[in-house]
Amino acid sequence: MKQPTIFSKIVNGEIPCDKLFEDNNCLAFNDIAPQAPVHYLVIPKKPIISLLSCIEEDQNLLGHLLLVGKNIAIDKNLKSWRTVINTGEESGQTIFHLHIHFLSGKIMKWPPG
Ligand code: AMP
């Protein structure tokens, strides 16, 4: 049987998080190892492995995750931020439960490393 990821454990309350927002379908919390002065994650409660695993029925959920992240950015009065979804090991994905990074508070470089 597939082991639950750390994010599934956060969703079910086994592991604490620095929560920013929660509803029936998603959870947002600060990243434990921030890569910018503001760095939070928005995740679905449903244990989707990555964007690669998403299917048509996830369409509304995916849009919802982005809007939740955007609303948090507005609450934080952010004017500019970067949104990242790593998909697969070579992209840098380390936790195989879909998550959207929101990063802000410093000048971002492009292209990303
Ligand atoms: P990724 O490399 O895209 O898979 O991103 C995983 C992110 O999860 C990294 O930025 C980690 O710092 C973050 N992370 C890992 N464990 C936790 C945790 N317990 N609480 C909050 N963020 C975490």
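Does C54 count as buried or exposed, going by its relative accessibility? At 18% relative accessibility, C54 falls on the buried side, because the cut-off for buried is under 20%. Keep in mind that you're looking at a predicted model. Here's a quick tour, starting with the overall picture and ending back at the cysteines.

**The big picture**

- The protein is built from two helices and five strands.
- If you walk along the chain from the N terminus, the elements come in the order α-β-β-β-α-β-β.
- The radius of gyration is 14 Å, and the globule rule gives 13 Å for 113 residues, so the protein is as compact as a globular protein of that length.
- Measured out along its principal axes, the C-alpha trace spans about 40 × 30 × 30 Å.

**The sheet**

- The five strands make an open sheet, lined up as β1-β2-β3-β5-β4, with antiparallel pairing.
- At the edges sit β1 (19–22) and β4 (82–84), each of which pairs on one side only.
- On average, neighbouring strands in this sheet are turned by 20 degrees against each other, if you ignore direction.
- For a close look at one pair, take β2 (residues 26–30) and β3 (residues 38–44), which are joined in the antiparallel sense by five bridges.
- F29 has its bridge partner in β3, and that partner is L41.

**The helix across the sheet**

- Helix α2 covers residues 59–75 and lies across β1, β2, β3, β4 and β5 (100–104).
- Relative to β3, helix α2 runs at about 155 degrees.

**Inside and outside**

- Of the 113 residues, 36% count as buried.
- The accessible surface adds up to about 7300 Å², and carbon and sulfur atoms account for 56% of that.
- Take the contacts with a separation of 6 or more: 54% of them come from residues 24 or more positions apart.

**The cysteines**

- A disulfide is a covalent bond between the sulfur atoms of two cysteines.
- To count here, two cysteine sulfur atoms must be within 2.5 Å, and the tally for this protein is zero disulfides.
- For C17, the closest cysteine sulfur belongs to C26 and is 12 Å away, which is too far for a bond.
- C54 isn't in a disulfide either: its nearest cysteine sulfur, again that of C26, is 14 Å away.
- C17 has a relative accessible area of 28%, so it is partly exposed, while C54 counts as buried at 18%.

How values were computed:
Residues are numbered from 1 along each chain as its sequence is written. This is a predicted model: local features need pLDDT of at least 70, side-chain atom pairs count only at pLDDT 80 or more; totals for chains, interfaces and linings use all residues. Side-chain values use heavy atoms; hydrogens and water are left out. Two strands pair if DSSP finds at least two bridges between them. Helices (H or I, at least four residues) and strands (E, at least two) are DSSP runs, numbered from the N terminus. Axes are lines fitted to C-alpha atoms, for helices over the stretch in contact, and angles run from 0 to 180 degrees between N-to-C directions. Contact means heavy atoms within 4.5 Å. The radius of gyration is taken over C-alpha atoms; the globule rule is 2.2 Å times the number of residues to the power 0.38. Buried means under 20% relative accessible area, exposed over 50%, partly exposed in between (1.4 Å probe, protein chains only). Accessible areas come from the Shrake-Rupley method with a 1.4 Å probe; for residues, only the protein chains shown count as cover.
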